[in-house]
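Me: Hi! Could you walk me through this one? I'm new to this, so plain words please.
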Amino acid sequence: MLNAVEDRQQQIVNYLKINQFANVTDLISLVNYSEATIKRDLVYLEQTGLIRRTRGGAMIVDNQKIDVPYLMKFTHLDEENNKQYIADVAQTLIRDDMVIFLDSSTTSLHLVKNLSKFDGLQIITNGVLTAAMLSEFTNASVSILGGTIVPKRATINGSKAYDDALSYYADLAIIGCRGWDFEHGVTETHEGEALMKKAFRKQSNHLVVLATQDKLEHKYIYQSVACHEVDYLITDIPLAKEQLDKLNNHHIKCLY
C-alpha cells in the first residue's frame, strides 16, 4: 500500500499523463497540499525521470519512456486484466518439474499465481518482489540472482547478475519487454535490463516474450533479444496479417 507521499506523487503523475502539463496551482488544487510540498514532489519526480519541471509547473515525459516506480505499478496489479490474460495464456506452455527463468516485469509478475498450480518447478528470477511472491504463493524452488538492486525498480541487473544467470540452465525463459518491434525484437530503455534478458535467452531452451498491446511496434535504445532468438510471442490482442507474416518469417509462434 502506498504511503501518503507516494499516493500524492502518483496522483500528480497520473494527472500529468492525462493532461500532459499542469501548473503548480492546478496541482495544489488536485492534492490539497501546500505550494512548497508540491514543488518538493516535482523535484523528486523529475529526478526519477517521470516528469520535466517547467516555469510555473511541470510536464509529463513521453509516456512510452516513463519508468514508473515499481511499487506504484505493484499496487495496481489487480486492475491489469490484459496482463493477467497474457499470464493465463503463458501458463499453457508450463509443465511440472520445469526450470524457468522469470524476469522482473509486472507482466511476468501476473504469472505467479498461475505457477502455484504446478509441482516441482525451479524458478530463477532477477525480481526482488517476484522472488518474494513466488516464495509466498507457490511451492517452487526459487533462486534470486545476485547483484545490485536498481533504485525504485525492485530488480537486480548488471554484470554480476548476468554472470550469475550464466550459472543456470532453464527449459524456458519468460520475459516482459519495454518494446516489441517485428523486425528487431525486444528492446529496453535500460542497458542492465537488456543484458539480463540476453543472459536468459542464452541459457534457456525456449524463450517466451509477453507483450501487451501498448508495447507492440515500439523500439528503444537497447536491443535485448533479436526476433530470430524468440520462440513465442504472447499478446492480448489479435495481430494483423502483416505482423503475423513477419513472425512466421522468424519462426515465432504467436499465442493469443
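Me: Is the crossing of α1 and α2 left-handed or right-handed?
Reply: α1 passes α2 in a right-handed crossing, where the near helix is turned clockwise from the far one by less than a right angle (anticlockwise would be left-handed). This is a predicted model, where local features need pLDDT of at least 70, side-chain atom pairs count only at pLDDT 80 or more, and totals for chains, interfaces and linings use all residues. Residues are numbered from 1 along each chain as its sequence is written, and side-chain values use heavy atoms, leaving out hydrogens and water.

Me: At roughly what angle do the axes of α1 and α2 cross?
Reply: Roughly 130°, and the axes of α1 (residues 4-19) and α2 (residues 24-31) come within 10 Å.

Me: Which residues meet there, α1 to α2?
Reply: Arg8, Gln11, Ile12 and Tyr15 in α1 meet Asp26, Leu27, Leu30 and Val31 in α2, with contact meaning heavy atoms within 4.5 Å. The residues of this contact are five nonpolar, one polar and two charged.

Me: New topic: in what order do the strands of the open sheet come?
Reply: The order of its three strands is β10-β11-β13, with antiparallel pairing; strands pair if DSSP finds at least two bridges between them. β10 (179-181) and β13 (222-225) are the edge strands, each pairing on one side only.

Me: And how many bridges join β10 to β11?
Reply: Three bridges join β10 to β11 (residues 185-188). Gly179, for one, has Thr187 in β11 as its bridge partner.

Me: Which helix packs on the sheet?
Reply: Helix α10 (residues 191-202) does, touching β11 and β13.

Methods:
Axes are lines fitted to C-alpha atoms, for helices over the stretch in contact, and angles run from 0 to 180 degrees between N-to-C directions. Helices (H or I, at least four residues) and strands (E, at least two) are DSSP runs, numbered from the N terminus. Ala, Val, Leu, Ile, Met, Phe, Trp, Tyr, Cys and Pro count as nonpolar, Asp, Glu, Lys and Arg as charged, and the others, Gly among them, as polar.
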